[in-house]
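Visitor: I am new to reading protein models, and I would like to take a close look at a single part before I think about the rest. Could you choose one pairing of side chains, go through it slowly, and then show me what surrounds it?

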Amino acid sequence: MTAKGQLYRRVQVAQDRLAWGFGDLRRILIEYGVWPSLGRVAVSTDGRRWAVAETRLRARSGASKAAALLVPESECLWGTAQIPDMPCQALESAVEEMLWRVSPLPREQIVAAWQATPDSQGGWSVEWGVCRRSDCDAWRAAQGLAVDAPVYLARQGRAFAVRGPRWQTQQRRQRWMNAVVLALALLVLGAVALPALMPLVLKREAVLRAVQHIGGVEPKAVPLRQQLDELRQQAVLAQELQQNLGKDLPLASVIDALSQALPDDTWLDRIEVNGSEIRISGLTGNATELAAHLGRQPAFAEARASVASVRDNTANKERFTFEMRWRGEGGKP
């Protein structure tokens, strides 16, 4: 077998085991009365009434009308057999073939009941029981049952159904009931879960509406965003200008301080103010003494000649260019 065939076979075996497991769980639930089923009242050969739910037997009191026959274990032949691994659909044919081999009577002279369970070593373990067909017909007639009434074979306090036309009809009805019960269970589960899921649904709808709203508003907000960017830039520029204005020197104070500090033989050609930096140029009698004099003024600091002084013979004075820093009217020398 190829690797693909082996994989397909493993998947099929897993599906068969899963289907059998769900079926066995449903059988247990029916036997304990948790799952609804089409129960039957069976009458044994001694006239006692029994309630049959899948394989469970319970004694029933009263004169309930019986619809099936229960054959006691002493009137049956029981055994077990091992069947190789095969799909669930092929089990019935394999069991029929096995009964042909192990039955002491021809197959048409017996009725048989069986139950298959998966074997841990692989394959299926089948528990089977047979009874003489003529005896079953005689017991049904004695108990006033129909000729085709279902037959159950008793085994250690359990009942195994003989698979016939009536049994197949009952199985089809049970499958319909199972479908209805599952549908009702899903509806109840949905009704119970709906209040818990409703906040999540509403939150999801709110998120979707918010996304749609943002998607509709965003194109309209593009011009506003551009205007906001421009306003932000203008605000930054205004803030910088405000800071620069705060740092600018009071020009009147600078001129007044210079007029008081400069000697009478000195006059200025140019005054440049950049922040707290001051640059002056002009003519004076002695540039060196003027630089020292300005350095002693409390309003100025770091007075120095930025270029060398040049003698102007026409005016008989020295041309100077000084740079200094404004310390302020309250500055200390």
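Guide: Let us start with a salt bridge in which the side chains of Glu73 and Arg155 meet, with 3.2 Å from N to O. This pair links distant parts of the chain, since Glu73 sits in the loop between strand 4 (68-71) and strand 5 (77-83), while Arg155 belongs to strand 8 (residues 151-155), and the two are 82 residues apart. Please keep in mind throughout that the model is predicted. As for the principle behind such a pairing, side chains of opposite charge can pair when their charged atoms come close.

The two partners can also be described by how far they are covered. Glu73 has a relative accessibility of 31%, and therefore counts as partly exposed, because the range for that label begins where buried ends, at 20%, and runs up to 50%. Arg155, with a relative accessible area of 18%, is buried.

Directly beyond this strand comes a residue that deserves a look of its own. Gln156 is placed in the loop between strand 8 and strand 9 (158-161), and it has a positive phi of about 55° although it is not a glycine. To see why that is worth pointing out, recall that most residues other than glycine have a negative phi. Gln156 is exposed, because its relative accessible area is 60% and the label applies over 50%.

A positive phi of about 55° is also found at Glu302, again a residue that is not a glycine. Glu302 lies in strand 12 (residues 300-305), and with a relative accessible area of 51% it is exposed. A glycine can be set beside these two: Gly33, just after helix 1, takes a positive phi of about 80°.

Returning to salt bridges, a search of the whole structure finds 19 of them, and two further examples help to place the pair we began with. One of them is formed by Arg140 with Asp137, where the closest N and O atoms are 2.7 Å apart. Both of these residues lie in helix 3 (residues 133-142), and they are 3 residues apart, which is about one turn of the helix. Arg140 is buried, having a relative accessible area of 10%, whereas Asp137 is partly exposed at 37%.

The other example joins the side chains of Asp269 and Arg319, with 2.6 Å from N to O. Here the pair links distant parts of the chain, for Asp269 is in strand 10 (residues 267-274) and Arg319 is in strand 14 (residues 317-326), 50 residues apart. Asp269 is partly exposed, with a relative accessible area of 46%, and Arg319 is partly exposed as well, with 36%. Salt bridges can also share partners, and in this way Asp24, Arg27 and Glu31 are joined into one network.

That network brings us to helix 1 (residues 3-31), where Asp24, Arg27 and Glu31 are among the buried residues, together with Val13, Asp16 and Ile30. Helix 1 has 29 residues and reaches 42 Å from its first C-alpha to its last, close to the 42 Å expected at 1.5 Å a residue.

For a contrast with charged pairs, consider the nonpolar surface patch of about 520 Å² that is made by Leu194, Leu197, Met198, Leu200, Val201 and Leu202. Met198, one of these residues, lies in helix 4 (residues 165-247), and at 32% relative accessibility it counts as partly exposed.

Finally, we can step back to the whole protein, which has 6 helices and 14 strands. Its radius of gyration is 56 Å, well over the 20 Å that the globule rule gives for 333 residues, so the protein is more spread out than a compact globule. Along its principal axes, the C-alpha trace spans about 160 × 50 × 40 Å. Of the 333 residues, 31% are buried, and the protein exposes about 21500 Å², of which carbon and sulfur atoms supply 57%. Among the contacts with a separation of 6 or more, residues 24 or more positions apart account for 62%, and our opening pair, Glu73 and Arg155, stands 82 residues apart along the chain.

Note on methods: Residues are numbered from 1 along each chain as its sequence is written. This is a predicted model: local features need pLDDT of at least 70, side-chain atom pairs count only at pLDDT 80 or more; totals for chains, interfaces and linings use all residues. Side-chain values use heavy atoms; hydrogens and water are left out. Patches are made of residues with over 30% relative accessible area and no salt bridge: like charges are joined within 9 Å, nonpolar side chains (Val, Leu, Ile, Met, Phe, Trp, Tyr) within 5 Å. Accessible areas come from the Shrake-Rupley method with a 1.4 Å probe; for residues, only the protein chains shown count as cover. A salt bridge is a side-chain nitrogen of Lys or Arg within 4 Å of a carboxyl oxygen of Asp or Glu. Helices (H or I, at least four residues) and strands (E, at least two) are DSSP runs, numbered from the N terminus. Buried means under 20% relative accessible area, exposed over 50%, partly exposed in between (1.4 Å probe, protein chains only). The expected span of a helix is 1.5 Å times one less than its number of residues. The radius of gyration is taken over C-alpha atoms; the globule rule is 2.2 Å times the number of residues to the power 0.38. Contact means heavy atoms within 4.5 Å.
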